Amino acid sequence: MDLVPALEEPLKQPLKSVLGPATAKVMAEHLGLHTVGDLLHHYPRRYEERGQLTHLADLPMDEHVTVVAQVADARLHTFASSKAPRGKGQRLEVTITDGSGRLQLVFFGHGVHKPHKELLPGTRALFAGKASVFNRRLQLAHPAYELLRGDTDEATEAVDSWAGALIPLYPATAKLESWKIAKSVQLVLPSAQDAVDPLPPSLREGRGLATLPEALLKIHRPHTKADIEDARTRLKWDEAFVLQVALARRRHADAQLPAVPRRPSPDGLLTAFDAKLPFTLTEGQQKVSKEIFDDLAAEHPMHRLLQGEVGSGKTMVALRAMLAVVDAGGQAAMLAPTEVLAQQHHRSITEMMGELAEGGMLGGADRATKVVLLTGSMGTAARRQALLDLVTGEAGLVIGTHALIEDKVQFHDLGLVVVDEQHRFGVEQRDALRGKGKQPPHLLVMTATPIPRTVAMTVFGDLETSVLDQLPAGRSPIASHVVPAADKPHFLARAWERVREEVGNGHQAYVVCPRIGDEEDDPRKAGKKKSPEDEAEKRAPLAVVEVADQLTRGPLQGLRVEILHGRMHPDDKDAVMRRFAAGETDVLVATTVIEVGVNVPNATVMVIMDADRFGVSQLHQLRGRVGRGSAAGLCLLVSEMPEASPARQRLNSVAGTLDGFELSRIDLEQRREGDVLGQAQSGARTSLRMLAVIDDEEIIAEAREEATAVVAADPDLENLPGLRTALDALLDEEREQYLDKG
């Protein structure tokens with residue numbers, strides 16, 4: 001009989017039975033807290049020391065803030081008011097200080113009496129409210145406050161209810177101040193003793209970690225900074241370990257699935273292809289290919305993530321894996337996120353294979369196969385033929401968009417699925433394609449967005465990882481520069497001269513814009529930002545249609561300029577790309593549809609307009625479209641943002657390094673943790689509260705090792721009921737599927 005649920009009951013108790021319906025309702029609606037356990041895991045954001053005051057100088061605007069400060073001055077003003085009884089209104093102005101700055105509090109009308117009596121000079125208190133500016137001065141209007149004086153029984157109790165010398169400040173809302181949350185925590189803290197510990201005792205003791213009840217007590221009522229440190233380390237371990245166990249169980253389950261081993265024949269298609277290659281593979285490509293071929297030869301499905309810098313030759317590695325599977329009698333499918341990319345892959349793969357891609361056709365080689373393209377916008381006849389080639393096995397390779405996933409698509413013997421640019425595909429799509437094999441096919445996921453090791457472990461923790469970090473020989477360096485269009489307009493004029501020079505030397509150029517420009521909606525809305533820091537932020541982002549028009553009539557007059565964006569008809573897009581690839585167009589003005597996979601070695605320069613509107617990783621991706629041939633590449637990041645702005649600092653980082661892993665780290669440090677994990681956490685009841693994926697690299701790596709060992713020894717966690725309970729809380733059945741991520 002399983003006793004765990006009985007043990008855990010106190011933490012499952014609904015808050016309304018402990019705190020009363022009104023407080024519980026606010027906690028549920030505004031903080032998403034429903035049970036005693038939820039509240040115990042609502043950790044303080046930071047702590048104030050009694051002797052130290054918050055820096056008032058650093059208060060964020062328009063946010064709900066809690067400060068600890070001392071009253072410096074309090075004045076009651078009377079003024080004429082038609083609304084007030086007897087025609088006189090009252091306003092109490094209280095100035096508080098923390099040594100770093102001063103802040104004004106204002107109270108009106110009936111709200112002045114209590115603070116007028118209590119907020120005397122010298123009084124210390126916690127104040128909470130929304131910081132706003134009035135008459136160019138920072139103020140809190142009608143803040144809630146809690147006295148920190150020990151001269152009455154009630155106040156002594158208030159002080160004592162704060163832990164020792166450290167005051168926990170909680171993530172709060174306008175409806176529920178930090179100290180009210182603290183008082184609620186006080187009420188439920190005794191239940192922490194009943195918390196079921198998810199960590200196996202051997203792991204906890206081996207690493208000298210606090211017990212879970214002890215950690216919860218220390219995080220909410222620390223007496224010293226060391227208490228906080230102990231609690232944080234322990235709680236980070238919980239989050240990292242439970243998540244890694246979920247991923248380890250998924251890897252373990254996948255390893256139990258049967259798959260057809262696929263070994264290339266010694267003198268088959270792959271050998272013939274390798275013999276045709278005009279270059280040798282880099283060491284990195286050979287090493288990664290070996291890892292993939294070893295996986296393909298196994299009797300359970302490969303699940304591998306292939307990370308490669310832009311232009312590191314991932315497609316070549318994937319193609320060789322696909323040919324190996326065709327050699328072994330199977331079929332391979334490559335799934336691309338956009339039609340432009342699917343067409344591009346199809347074109348480059350058929351070119352690389354030559355007569356080896358002409359199976360069943362006159363002039364095709366003996367060992368040749370057929371390579372088909374399948375996208376949503378194909379004509380009926382072409383589509384019918386492609387479907388027929390797949391079901392009969394005539395086509396060994398298929399390249400397509402999500403159209404490949406539709407029910408109508410049947411394969412003769414699907415052996416390998418290659419997913420390009422994983423972050424654009426959800427778990428459902430990956431599983432739908434998997435389901436098309438007689439047995440689960442092998443899976444190779446490719447991404448050109450470098451992912452720091454810990455994020456890969458957390459987000460793609462169910463996949464083994466291979467990294468290609470060498471660029472193939474013959475790749476040229478890319479120089480990147482920021483062009484400050486507002487501060488130095490002549491720099492922008494010089495940028496267009498550079499484009500003309502490159503075209504004059506027989507090369508081609510990209511100009512990238514954030515918007516298409518033929519939107520029905522008001523472009524001013526498209527450009528609205530929350531912080532109207534300056535004009536550059538307020539105007540709509542530059543658009544392909546307008547920029548192309550201005551360039552053809554102005555600085556690039558006389559050059560062959562075309563546009564490309566996602567709303568064009570697929571045939572038109574393909575025609576534009578073909579003309580550009582053939583060198584019939586000098587300058588392509590495009591949106592980010594060219595971000596991944598577009599390969600035109602003759603394009604040497606890229607100008608990115610309003611570069612501050614793109615993310616760091618996206619800029620790095622875009623930049624990778626130039627310098628793909630023997631001539632050096634140039635990337636110009638145009639921005640109107642002022643020099644000191646964070647946006648310009650971001651652009652300087654991109655211009656300063658070509659190392660995608662370094663940039664992805666910068667990118668993640670500037671974004672919130674939630675954005676990093678994206679859907680990895682969607683569906684999980686508890687997102688990571690304590691664990692920082694970038695900073696806690698060591699804990700995540702160690703937790704992964706421990707989790708793998710635990711799952712190998714006891715896949716169903718029969719001897720670890722506490723861990724099983726924690727896993728159930730993290731994910732139910734469909735949520736476990738969700739960790740497959742999209």
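1. Let me start with one residue pair: alanine 509 stands opposite valine 605, which belongs to strand 20. This is a predicted model, so please read the points below with that in mind. The pair sits where strand 17 (residues 508–512) and strand 20 (residues 603–608) run parallel, joined by five bridges.

2. Both strands are part of an open sheet of six strands, with parallel pairing and the order 16-21-20-17-19-18. At the edges you will find strand 16 (478–484) and strand 18 (561–564); each has a single partner strand, so one side of each has no neighbour in the sheet. From one strand to the next, the twist averages 20 degrees.

3. Two helices are worth a look on this sheet. Helix 21 (residues 544–553) packs on it and touches strand 17, strand 18 and strand 19 (587–590). The direction of helix 21 makes about 150 degrees with that of strand 19. Helix 24 (residues 646–656) lies across strand 16 and strand 21 (633–639), and runs at about 160 degrees to strand 16.

4. Now to another open sheet, this one of seven strands, again with parallel pairing. Its order is 11-12-10-13-14-9-15. Here strand 11 (370–374) and strand 15 (464–468) hold the edge positions; because each has a single partner strand, one side of each is left without a neighbour in the sheet. The twist averages 20 degrees from one strand to the next.

5. The edge at strand 11 deserves a paragraph of its own. Strand 11 runs parallel to strand 12 (residues 395–400), and five bridges join the two. Within this pairing, valine 371 is found opposite leucine 397 of strand 12. Helix 15 (residues 380–392) packs on the sheet, in touch with strand 10, strand 11 and strand 12, and its direction makes about 130 degrees with that of strand 11. Helix 14 (residues 339–353) lies across strand 10 (331–335), strand 11, strand 12 and strand 13 (414–420), at about 170 degrees to strand 11.

6. Finally, do have a look at glutamine 244, in helix 10 (residues 225–256). With a relative accessible area of 2%, glutamine 244 counts as buried, because that value is under the 20% limit. Leaving aside neighbours within four places in sequence, its contacts are Met457, Thr458, Ile700, Ala703, Arg704 and Ala707. The C-alpha atom of glutamine 244 is also 8.7 Å from that of glutamate 706, although the two residues are 462 apart along the chain.

Conventions:
Residues numbered from 1 in each chain as written. Predicted model: local features only at pLDDT ≥ 70, side-chain atom pairs only at ≥ 80, totals over all residues. Heavy atoms only, no water. Helix = DSSP H or I, 4+ residues; strand = E, 2+ residues; numbered from the N terminus. Buried < 20%, exposed > 50% of the residue type's maximum accessible area, 1.4 Å probe, protein only. Contact = heavy atoms within 4.5 Å. Pairing = 2+ DSSP bridges. Axes fitted to C-alpha atoms, helices over the stretch in contact; angles between N-to-C directions.
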